[in-house]
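Biologist: Hi! Could you walk me through this one? I'm new to reading structures, so plain words please.

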Amino acid sequence: MSIEPGTQGSVPAGAELGAPAQTPPSPDKGMFGVKGTGDVSGFGRLVRPRPAVFDSPRPYGGYFDDVYDALEEAYPAISEAIEKVVVDRAELTLHVRAEHIVDVCQVMRDDASLRFELCSSVDAVDYLGSDERRFHVAYQLTSMTYRRRVRLEVAVAEGVTVPSVTRVYPTADWQEREVYDMFGVVFAGHPNLTRILMPDDWEGHPQRKDYPLGGVPVEYKGAEIPPPDQRRVYQ
C-alpha cells in the first residue's frame with residue numbers, strides 16, 4: 001500500500017538512495033545553493049553601497065563637545081592628527097591618522113578632563129573596493145571616571161603598518177593580535193604579534209573580503225574536512 005506524500009510515515013526525500021551519507025541529486029548542493037563561485041554568503045552577489053561619511057558640524061551634542069575641546073587643549077597637534085569627527089547614531093568617532101594614534105591614546109588616557117582609562121576593544125573592517133585605505137582599525141575607549149565612550153578609527157592601505165598602542169593600553173595586546181590574524185594588519189612595536197585564532201602556519205586572513213568563503217579545506221585531528229560547498233547533503 002502506498003503512502004501519500006506529506007502524511008505520517010511518508011518516505012523522506014533521498015531515502016531511496018540507501019545509506020543516508022550518500023549525496024542526493026539535490027538542486028541545493030552546497031551552502032545556500034551556490035555553485036562554482038566560492039561565495040557561500042547566500043546574498044547572491046548583492047552589494048550594499050557604502051554610505052559616504054562626512055565631518056559632523058559643531059555642536060556635536062551631549063558630552064562630545066567637551067571631549068573634543070579637552071583633547072584640543074591637551075594635544076596641540078590635533079589639527080594634524082584628526083582627519084574628521086563623525087557623530088552618528090549617538091556615537092562619537094574621531095578619525096585619527098595612523099602616525100598619531102599612540103599619542104592621541106596617551107592623551108585620552110592621562111588627561112584629567114578625559115580619563116579614558118580602558119580600551120575595551122580593537123577591531124577592524126575591510127572596505128575592499130570602496131576605499132583605497134581598505135582597512136579601518138577601530139579602538140573603543142571607555143572613561144570609567146566620567147562614564148563616557150568614544151571611538152578612534154585609523155584607516156590604512158594594504159601593507160601599511162599601524163603603531164601598536166599596547167604600551168598605553170595593555171588590553172590591546174591580544175586584540176591587536178586578533179586583528180592581525182583575521183585581517184593581516186601589522187601593528188609596529190607590538191611585543192608578540194603572532195596568530196591567536198588560526199594555526200601558526202595558516203595561509204591568508206579569514207575576515208578579508210577577498211578570502212574564499214567555504215573554499216578552504218580544514219585539517220582536524222589528522223582528518224581532512226572538505227569546504228562547505230563540497231560536503232554531502234543529508235536529508
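**A loop residue, and onward**

Modeller: Happy to! Let's start at R147, which sits in the loop between strand 4 and strand 5. Keep in mind that this is a predicted model.

Biologist: Okay, is R147 buried or exposed?

Modeller: R147 is exposed, because its relative accessible area is 78% and exposed means over 50%. Its backbone deserves a look too: R147 has a positive phi of about 55° although it is not a glycine.

Biologist: Why point that out?

Modeller: Most residues other than glycine have a negative phi. A90 is another residue to look at here, with a positive phi of about 60°, and it is not a glycine either.

Biologist: Where is A90?

Modeller: Look in the loop between strand 1 (82-88) and strand 2. A90 is exposed, with a relative accessible area of 69%.

Biologist: Let's zoom out. How many helices and strands does the protein have?

Modeller: There are 4 helices and 9 strands. Along the sequence they come in the pattern α-α-β-β-α-β-β-β-β-α-β-β-β.

Biologist: And how much of the protein is buried?

Modeller: Of the 235 residues, 34% are buried.

Biologist: Which residues touch the most other members of the largest nonpolar core?

Modeller: That core has 44 residues, and the ones touching the most other members are L71, L94, I101, M108, Y139, L141 and L152. Helix 3 gives the largest share of the core, 6 residues. In soluble globular proteins, nonpolar side chains tend to be buried together.

Biologist: Pick one of those for me?

Modeller: Try L141. Leaving aside neighbours within four places in sequence, L141 is in contact with several residues, including M108, F116, L152 and Y169.

Biologist: Back to helix 3. Which of its residues are buried?

Modeller: In helix 3, the buried ones are I101, V102, V104, C105, V107 and M108. Their cover includes helix 1, helix 2 (78-81) and strand 2 (91-96), along with strand 4 (135-143), strand 5 (148-156) and strand 6 (162-163).

Biologist: At what angle do helix 1 and helix 3 pack?

Modeller: Helix 1 (residues 64-74) and helix 3 (residues 101-110) pack at about 115°, and their axes are 10 Å apart. The two helices are therefore roughly perpendicular to each other. Their crossing is right-handed.

Biologist: Which residues meet there?

Modeller: From helix 1, V67, L71 and A74 meet V104, V107 and M108 of helix 3. By class, that contact has 6 nonpolar residues, with no polar and no charged ones.

Biologist: New topic: what's in the segment before helix 1?

Modeller: R58 is one of the residues there, and P59 is found in that segment too. The peptide bond from R58 to P59 is cis, with omega near -5°. Most peptide bonds are trans.

Biologist: What does R58 touch?

Modeller: Not counting residues up to four places away in sequence, R58 touches D65, Y68 and D69. R58 counts as partly exposed, at 42% relative accessibility. Its C-alpha atom is 9.6 Å from that of V85, a residue 27 places away along the chain.

Biologist: One last spot: what about Y211?

Modeller: Y211 lies in the loop between strand 7 (187-188) and strand 8 (218-220). Y211 is buried, because its relative accessible area is 15% and buried means under 20%. C-alpha to C-alpha, Y211 and F183 are 9.7 Å apart in space, with their positions 28 residues apart in sequence.

Notes. Residues are numbered from 1 along each chain as its sequence is written. This is a predicted model: local features need pLDDT of at least 70, side-chain atom pairs count only at pLDDT 80 or more; totals for chains, interfaces and linings use all residues. Side-chain values use heavy atoms; hydrogens and water are left out. Axes are lines fitted to C-alpha atoms, for helices over the stretch in contact, and angles run from 0 to 180 degrees between N-to-C directions. Angles under 35 degrees count as roughly parallel, over 145 as roughly antiparallel, 65 to 115 as roughly perpendicular and the rest as oblique. A crossing is left-handed if the near helix is turned anticlockwise from the far one by less than a right angle, and right-handed if clockwise. Contact means heavy atoms within 4.5 Å. Ala, Val, Leu, Ile, Met, Phe, Trp, Tyr, Cys and Pro count as nonpolar, Asp, Glu, Lys and Arg as charged, and the others, Gly among them, as polar. A nonpolar core is a set of buried Ala, Val, Leu, Ile, Met, Phe, Trp, Tyr and Cys residues joined through side-chain atoms within 4.5 Å. Buried means under 20% relative accessible area, exposed over 50%, partly exposed in between (1.4 Å probe, protein chains only).
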